[in-house]
Structure formats: C-alpha cells, structure tokens
Amino acid sequence: MNKLFITPASHFTRKCRVTIIELELEDRFEMIPTNWPHNWGTETTPYREDFLDASPIARIPALLTEDGRRLADSSTICEYLNDELGNFRLCPQTGKERWEILSVVSIATHGLMEAQVLRRAEMLRKREGSPNPQEFSGSFVRKMMDRQDRC
Ligand SMILES: N[C@@H](CCC(=O)N[C@@H](CS)C(=O)NCC(=O)O)C(=O)O
C-alpha cells in the first residue's frame, strides 16, 4: 500500500488527492493524517516518526511508495501518480500538451500555493500568544499577496 501523509486543509495535499481520484487509484493509497499546532510556521513542532521517515523535510504531502521510495513534494508525487501508476492518462509523456500542463502546474504550485502558505505562516506570528510577534513582516505579506495576484 502507498502511504500519503496529509491534512485536509492543505491545498498541496488536495492536488495529490484529486489526482489519485481522477486516476481511480484510491484503493492503492492509505491516507495518514498529520497534526499541525499553530506555531508550525515559525518553529519545529513534534512530528510523527513515520512521517519523518517518509520525508526529512517534514512538509506535507509526503508519499512513501509501496516499494519504499520517498517522494517529498506535490509535483513529484503527481508525476509518480500519472507516469508510474496512471499510464500517462492525465498528462502525456512528451510533447506540447505535456509542457502546457506543467507550465500551469508550476505557476499554480510555486506561485499561488507556496505564496499562500508563506503568507499564512507569517500571519500566524501575529496570533494571540505567539512567541515571536515582533518578527512579523507586513511587507513580506504584501509581497506574497502581489505574487498571488499575478499568478
Ligand atoms: N513545494 C511543496 C510545498 C509543500 C508545503 O509547503 N506544505 C505545507 C502545508 S500546505 C507544509 O507542510 N508546511 C509545514 C512547514 O513548512 O513546516 C509541495 O509542492 O508539496
């Protein structure tokens, strides 16, 4: 069984889960929930052992494949799903269409989604009881918002 480490709130996780559903691979995946306390954005928090075994980066999604491979980001996981398990049914192996799809995926992932997570992490500094509110940067939040708007 392939093991995918997730939380429902993560859009990176949802990207992988939608790909699994579209390729009708649900019965080959176990979804393993992870917990994220409010200080996840700026501090190292306690992680499950099996999650760290799957990814030393300790970010979700992380996939431990049934043959023991560790795949530690949503785009690589989606490529594994499409290429290895999905027989290229969502994205062709070569050609113009492949690069059109990957162009959209790269802007969505590294533009929209990463800027959203970085912005959220920065905003959490301001929450009540935060250990480091003085480090909050409004200009960083605005920069991430501008990036999201462009994307
Ligand atoms: N480039 C990665 C980004 C993954 C990512 O940022 N995941 C967030 C949750 S949405 C995370 O695990 N953050 C925890 C942390 O940075 O400590 C991907 O495409 O999977």
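**Close-up views of the ligand site and its surroundings**

**View 1. Polar contacts of the ligand with S74, I60 and E114.** In this predicted model, the side chain of S74 places an N or O atom 2.6 Å from an oxygen atom of the ligand. A nitrogen atom of the ligand is found 2.8 Å from a polar atom of I60, which in this case belongs to the backbone, whereas the contact made by E114 involves a polar side-chain atom, lying 2.8 Å from a ligand nitrogen. Of the 510 Å² of accessible area that the ligand has on its own, the protein covers 86%.

**View 2. The shell of residues around the ligand.** The residues that surround the ligand are S10, F12, W36, W40, R59, I60, P61, D73, S74, T109, E114 and V117. Sorted by class, this shell comprises six nonpolar, three polar and three charged residues. Helix 4, which spans residues 96–124, supplies the largest share of the shell, namely three residues. Both domain 1 (2–85) and domain 2 (96–150) take part, each of them contributing at least three residues to the shell. The space that the ligand takes up is the largest pocket.

**View 3. The cis peptide bond between I60 and P61.** The bond leading from I60 to P61 is in the cis form, its omega being near 0°. P61 belongs to the loop that runs between helix 2 (49–54) and strand 3 (62–64). Both I60 and P61 are also among the residues surrounding the ligand, and the backbone of I60 provides the polar atom that is 2.8 Å from a ligand nitrogen.

**View 4. The backbone at E24.** E24 is a residue other than glycine with a positive phi, the value being near 55°. The loop in which E24 lies is the one between helix 1 (11–22) and strand 2 (29–33).

**View 5. The protein chain as the setting for the close-ups.** The protein chain contains five helices and four strands, and, read from the N terminus, these elements follow one another in the order β-α-β-α-β-β-α-α-α. The C-alpha trace of the chain spans about 50 × 40 × 20 Å along its principal axes.

Conventions
Residues are numbered from 1 along each chain as its sequence is written. This is a predicted model: local features need pLDDT of at least 70, side-chain atom pairs count only at pLDDT 80 or more; totals for chains, interfaces and linings use all residues. Side-chain values use heavy atoms; hydrogens and water are left out. A residue is near a molecule or strand if one of its heavy atoms lies within 4 Å of it. A polar contact is a pair of N or O atoms within 3.5 Å; within protein, one must be able to donate a hydrogen and the other to accept it, and residues adjacent in sequence count only if both atoms are side-chain atoms. Accessible areas come from the Shrake-Rupley method with a 1.4 Å probe; for residues, only the protein chains shown count as cover. On a 1 Å grid over the protein atoms alone, a cavity is a set of points where a 1.4 Å probe fits but cannot get out, and a pocket is an open set with protein on both sides within 12 Å along at least five of seven lines; lining residues have an atom within 4 Å of a point. A molecule sits in a cavity or pocket if more than half of its atoms lie within 2 Å of its grid points. Helices (H or I, at least four residues) and strands (E, at least two) are DSSP runs, numbered from the N terminus. Ala, Val, Leu, Ile, Met, Phe, Trp, Tyr, Cys and Pro count as nonpolar, Asp, Glu, Lys and Arg as charged, and the others, Gly among them, as polar. Domain bounds come from an automatic or database domain assignment.
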